[in-house]
Amino acid sequence: MLDTYEPEPMSGCWLWTGRYITTGYGALKGGVTQLAHRAMWRAHHGEIPRGLFVLHRCDVRCCVNPAHLFLGTAQDNTKDMVRKGRHWAPPKLAACRRGHPYDAGNTRQRPGGRRTCRTCSNEAAKMYQRRKRAKEMANALQLHPRDGDVESFHG
Ligand SMILES: [Zn+2]
Ligand SMILES: [Zn+2]
């Protein structure tokens with residue numbers, strides 16, 4: 001059942017010649033849809049641990065060459081799809097440049113996929129207010145703030 005493929009000499013891919021499902025993956029004959037590359041992985045490497053996906057190194061969904069397959073998480077799968085879809089996303093850093101973690105609570109998503117650090121932007125806003133007040137005060141007193149009177153903010 002797993003020999004329904006044709007080796008592709010250029011890439012080394014084993015192209016599935018059996019049934020296909022709409023997403024472009026090869027599938028085995030039978031009632032329940034069994035993806036060919038997953039079945040091939042099992043035949044060669046054993047059971048697929050729960051929650052893991054069988055992914056393609058070669059980007060060829062209908063390839064069933066066990067040497068082109070690797071296990072990954074759902075996250076890897078998404079990353080893989082994004083990469084293969086040639087979507088571009090800015091590199092994801094774990095923390096802002098001042099070291100605040102980009103976690104669910106501290107991350108502000110901006111259009112275009114950019115993220116800003118909530119802690120930093122809050123501090124920047126506070127600092128801005130502080131500078132503004134200091135300036136207003138100085139103006140009111142006909143004074144000019146000297147360097148050092150106002151903390152500078154490098155965000
Ligand atoms: Zn392949
Ligand atoms: Zn920050």
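Here is a walk through this structure, from its overall layout to a few individual residues.

What you are looking at is a predicted model, so a good place to begin is the predictor's own confidence. The mean pLDDT of the chain is 83, and 83% of its residues reach 70 or more. One stretch asks for caution: over residues 86-90 the pLDDT is below 50, and apart from near neighbours in sequence this stretch makes five contacts in the model. Where pLDDT is low, predicted coordinates should not be read in detail.

Now for the layout. The chain holds three helices and eight strands. If you follow the sequence from its start, these elements come in the order β-β-β-β-α-β-β-α-β-β-α. The chain has 155 residues, of which 10% count as buried. Taking contacts between residues at least 6 apart in sequence, 32% of them join residues at least 24 apart.

Let us turn to the interior. The largest nonpolar core consists of 12 residues: Cys 13, Trp 14, Trp 16, Ala 27, Ala 36, Met 40, Trp 41, Val 54, Cys 62, Cys 63, Val 64 and Leu 69. Strand S2 (14-16) and helix H1 (36-45) each contribute at least two residues to this core, and H1 gives the largest share, three residues. There is a general tendency to keep in mind here: in soluble globular proteins, nonpolar side chains tend to be buried together.

Helix H1 deserves a closer look. Its buried residues are Ala 36, His 37, Met 40 and Trp 41. These four lie on the same side of H1, because they cover an arc of only 140° around the axis. What lies over them? The cover of the buried residues of H1 includes S2, S4, S5 and S6. Just after the helix comes Gly 46, with a positive phi near 95°.

Three core residues show how this part of the chain is put together. Start with Trp 16: leaving out residues up to four places away in sequence, Trp 16 touches Thr 4, Tyr 5, Gly 26, Ala 36, Cys 62 and Val 64.

Next is Ala 27, which you can find in strand S4 (residues 26-27). Why does Ala 27 count as buried? The reason is that 21 C-beta neighbours lie inside 10 Å of Ala 27, and a residue needs 20 or more to qualify. Beyond its neighbours within four places in sequence, Ala 27 is in contact with Arg 19, Tyr 20, Ile 21, Thr 33, Gln 34, Leu 35 and Ala 36. Leu 2 is 25 residues away from Ala 27 along the chain, and their C-alpha atoms are separated by 9.9 Å.

The third is Val 54, in strand S5. Val 54 counts as buried because it has 20 C-beta neighbours inside 10 Å. Setting aside residues up to four places away in sequence, Val 54 touches His 37, Arg 38, Trp 41, Ile 48, Leu 69 and Leu 71. Val 54 and Ala 74 are 20 residues apart in sequence, with 9.8 Å between their C-alpha atoms.

From strand S5 you can step into the loop between strand S5 (53-56) and strand S6 (69-72), where Asp 59 sits. Is Asp 59 buried or partly exposed? Asp 59 is partly exposed, because 13 other C-beta atoms lie within 10 Å. Its backbone is worth a glance too: the phi of Asp 59 is near 70°, a positive value in a residue that is not glycine. As a general rule, most residues other than glycine have a negative phi.

We finish with helix H3. This helix spans residues 118-140, 23 residues in total, and reaches 33 Å from its first C-alpha to its last, close to the 33 Å expected at 1.5 Å a residue. After H3 comes Gln 142, whose phi is positive, near 60°.

Notes: Residues numbered from 1 in each chain as written. Chains lettered and ligands numbered in written order. Predicted model: local features only at pLDDT ≥ 70, side-chain atom pairs only at ≥ 80, totals over all residues. Contact = placed C-beta atoms within 7 Å. Core = buried A, V, L, I, M, F, W, Y, C linked by C-beta atoms within 7 Å. Expected span 1.5 Å × (residues − 1). pLDDT = per-residue confidence, 0-100. Arc of directions from axis to C-beta.
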